[in-house]
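Here is an informal walk through one protein model, written for someone who spends more time at the bench than at the graphics screen. Have a look at the structure first, then read on.

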Amino acid sequence: MSFLSPEQLVEYRDKGYVVVRGLLTEQEVRDTREAMKKVIDEWYDVYDITGKAGPAWKEVVNIDPAVLSGDVRPDDRYQSVRKLNKLVKHKKQFFVQQVQHKYIVDICRQILGEDVMLLQSMALLKPPGTGEKKWHQDNAYFRLTPLDVFAFWIAIDPAFVENGCMHLVSGSHTEGVSPHSVPQDAKSKDENKGAATYSLTDLPNTEDVIPVPLNPGDALVFHGALKHFTPPNKSTCPRFAVQYHYAASHCQPSVCPSDGNSIMQIPTDEEHDERQLAFDCDPCVEPQYWYHRKAEMTVIGKEREGGEYI
């Protein structure tokens, strides 16, 4: 079966994105919401007992710093979490299965072919009052070539302008990766500031920006070079979503944009804890972000030679 129609594939190639209505059923949406909450409940169980979550949980659960310090204790614990990361890497079994969903895998085949790796598994909660995710292109983080990279952004709650649905620039994937940078006052790794502020140096024209509202179960399928952002959640509603990035197994790291003779070296395991959120050639104008090239699993086809790093 080919899940995307020929017309949808043309739309994806031309515009850099396509909206897939009803990728997940109502029951699958409910199950996904409960799975997200279960991960958060597990984090709180560990944290409430021990007073700390440990390095693995720190990687998975992005808690508001004010909650960790005890300054804020929301009535609803789920409103204290902005994002869940690396769910498949940490063997959260619901998500291990979901990234291999039959429709998702079929779309992966249509877009990338028969050898596909999962780069990243995330759940995005965006509670009321949460700020924007700045304008960026995903391959500015991955820095892969050829640019056979794309993502699913699947709504679990209704996603609309007021609660921070996806906004994008149609056709911007054809321009390649534009310059990104980290403001000098945000170079610190504390609280993921570098990752959070790494964004397009030049913002798109307002008239070119398209909001993409989605119903629960709908998916935005978009190219790794598509320019996009999400505005603040100004509503009283949460905006649960999951996002999965996939890449063809033949992808390779691109050269450093500031030094065409330099290719980022894979860090050793000993470096991981210290550098997991560091830009690896900082203070480059467009630093490569090696951490995002550590694939979480092979989804289709043969294992990649040389291990999990792309």
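## Charged pairs and their surroundings

Lys-15 is partly exposed, at 34% relative accessible area. Keep in mind that this is a predicted model, so every value here is computed from it. The partner to look for is Glu-11: its side chain and that of Lys-15 form a salt bridge, with N and O 3.8 Å apart. Glu-11 is partly exposed too, at 28% relative accessibility. Both residues sit in helix H1 (residues 6-15), and because they are 4 residues apart there, about one helical turn separates them.

How many salt bridges does the model have by the rule used here? The count comes to 9. Three of them, including the one just described, are worth setting out in a table.

| Salt bridge | Closest N to O | Relative accessibility |
|---|---|---|
| Glu-11 and Lys-15 | 3.8 Å | Glu-11 28%, Lys-15 34% |
| Arg-77 and Asp-41 | 3.0 Å | Arg-77 27%, Asp-41 23% |
| Glu-114 and Arg-109 | 3.0 Å | Glu-114 47%, Arg-109 37% |

Now for the middle row. Arg-77 and Asp-41 form a salt bridge whose closest N and O atoms are 3.0 Å apart. Arg-77 belongs to the loop between helix H4 (65-68) and strand S3 (81-85), while Asp-41 is part of helix H2 (residues 26-50), so this pair ties together parts that are 36 residues apart in sequence. Arg-77 counts as partly exposed, and so does Asp-41.

The last row pairs the side chains of Glu-114 and Arg-109. Glu-114 is partly exposed at 47%, and Arg-109 is partly exposed at 37%.

## A buried aspartate

Is Asp-157 buried or exposed? With a relative accessibility of 8%, Asp-157 counts as buried, because the cut-off for that label is under 20%. Asp-157 is located in the loop between strand S7 (149-155) and strand S8 (166-169). A polar atom of the Asp-157 side chain lies 2.8 Å from the backbone nitrogen of Phe-240. Phe-240 also appears among the contacts of Asp-157 once neighbours within four places in sequence are set aside; the others are Arg-33, Leu-214, Pro-216, Pro-238 and Arg-239.

## Aromatic rings

On to the rings: the model has 9 aromatic pairs by the rule applied. One pair is made by Phe-94 and Phe-95, with ring centres 5.2 Å apart and planes at 80°, so the arrangement is edge-to-face. What about the accessibility of these two residues? Phe-94 counts as partly exposed at 30%, whereas Phe-95 counts as buried at 1%.

Ring pairs also build a cluster, which links Tyr-12, Phe-150, Phe-152 and Tyr-246.

## The whole protein

Stepping back, the protein contains 9 helices and 16 strands. Of its 310 residues, 53% count as buried. The accessible surface comes to about 14,300 Å², and carbon and sulfur atoms account for 50% of that area.

How much of the contact network joins residues at least 24 apart in sequence? Among contacts between residues at least 6 apart, the share is 82%.

Conventions
Residues are numbered from 1 along each chain as its sequence is written. This is a predicted model: local features need pLDDT of at least 70, side-chain atom pairs count only at pLDDT 80 or more; totals for chains, interfaces and linings use all residues. Side-chain values use heavy atoms; hydrogens and water are left out. Rings of Phe, Tyr and Trp (its six-membered ring) pair if their centres lie within 6.5 Å; planes under 30 degrees apart count as stacked, over 60 as edge-to-face and the rest as tilted. Buried means under 20% relative accessible area, exposed over 50%, partly exposed in between (1.4 Å probe, protein chains only). Helices (H or I, at least four residues) and strands (E, at least two) are DSSP runs, numbered from the N terminus. A polar contact is a pair of N or O atoms within 3.5 Å; within protein, one must be able to donate a hydrogen and the other to accept it, and residues adjacent in sequence count only if both atoms are side-chain atoms. Contact means heavy atoms within 4.5 Å. A salt bridge is a side-chain nitrogen of Lys or Arg within 4 Å of a carboxyl oxygen of Asp or Glu. Accessible areas come from the Shrake-Rupley method with a 1.4 Å probe; for residues, only the protein chains shown count as cover.
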